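The following exercises concern the fold, one helix and the pocket of a single model. Please work through each task before reading its solution.

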Amino acid sequence: LFIPLKTSNNVFSVKELLSDDVSAAIKCAKRVVLDPQGIAAWVGWQVHCKNQDVSKYVAGCGLD
């Protein structure tokens, strides 16, 4: 299974995104937030995070 990003040539496999090596996940997240639609382009965010309290997941990330 591959996770294509709508506006990108980048394609990441689920195995890459779920591995202990987070470099693919970081590249994927960076690409998503640089999209003109921003994080809203990420379906996973729309389904699981939008309008939710995600503060426990970003605590300590300097995003306050």
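**Exercise 1. The largest pocket**

Task: determine which helix gives the largest share of the lining of the largest pocket.

Solution. The largest share, three residues, comes from helix 3. The model is predicted: local features need pLDDT of at least 70 and side-chain atom pairs count only at pLDDT 80 or more, while totals for chains, interfaces and linings use all residues. Residues are numbered from 1 along each chain as its sequence is written, and side-chain values use heavy atoms, with hydrogens and water left out.

A pocket is here an open set of points on a 1 Å grid over the protein atoms alone, where a 1.4 Å probe fits, with protein on both sides within 12 Å along at least five of seven lines; lining residues have an atom within 4 Å of a point. The lining consists of Ala29, Val33, Ile39, Trp42, Gly44, Trp45, His48, Cys49, Val54, Tyr57 and Val58. Two or more of these residues come from each of helix 2 (23–34), helix 3 (43–48) and helix 4 (55–58). By class, nine are nonpolar, two polar and none charged (nonpolar: Ala, Val, Leu, Ile, Met, Phe, Trp, Tyr, Cys and Pro; charged: Asp, Glu, Lys and Arg; polar: the others, Gly among them).

**Exercise 2. The two sides of helix 2**

Task: establish which residues of helix 2 are buried and which are exposed on the other side.

Solution. Begin with the geometry: helix 2 has twelve residues and spans 17 Å from its first C-alpha to its last, close to the 16 Å expected at 1.5 Å a residue (1.5 Å times one less than the number of residues).

Next, apply the accessibility classes: buried means under 20% relative accessible area, exposed over 50%, partly exposed in between, with a 1.4 Å probe and protein chains only. Ala24, Cys28 and Val32 are the buried residues of helix 2. They lie on the same side of helix 2 because they cover an arc of only 70 degrees around the axis, taken from the directions from the helix axis to the C-beta atoms. Lys27, Lys30 and Leu34 are exposed on the other side.

Finally, the buried residues pack against strand 2 (11–13) and helix 1 (14–18), contact meaning heavy atoms within 4.5 Å.

**Exercise 3. A positive phi**

Task: locate Asn51 and decide whether Asn51 is buried or exposed.

Solution. Asn51 sits in the loop between helix 3 and helix 4. Its phi is near 65 degrees, a positive value in a residue other than glycine. Asn51 counts as exposed because its relative accessibility is 73%.

Conventions
Helices (H or I, at least four residues) and strands (E, at least two) are DSSP runs, numbered from the N terminus.
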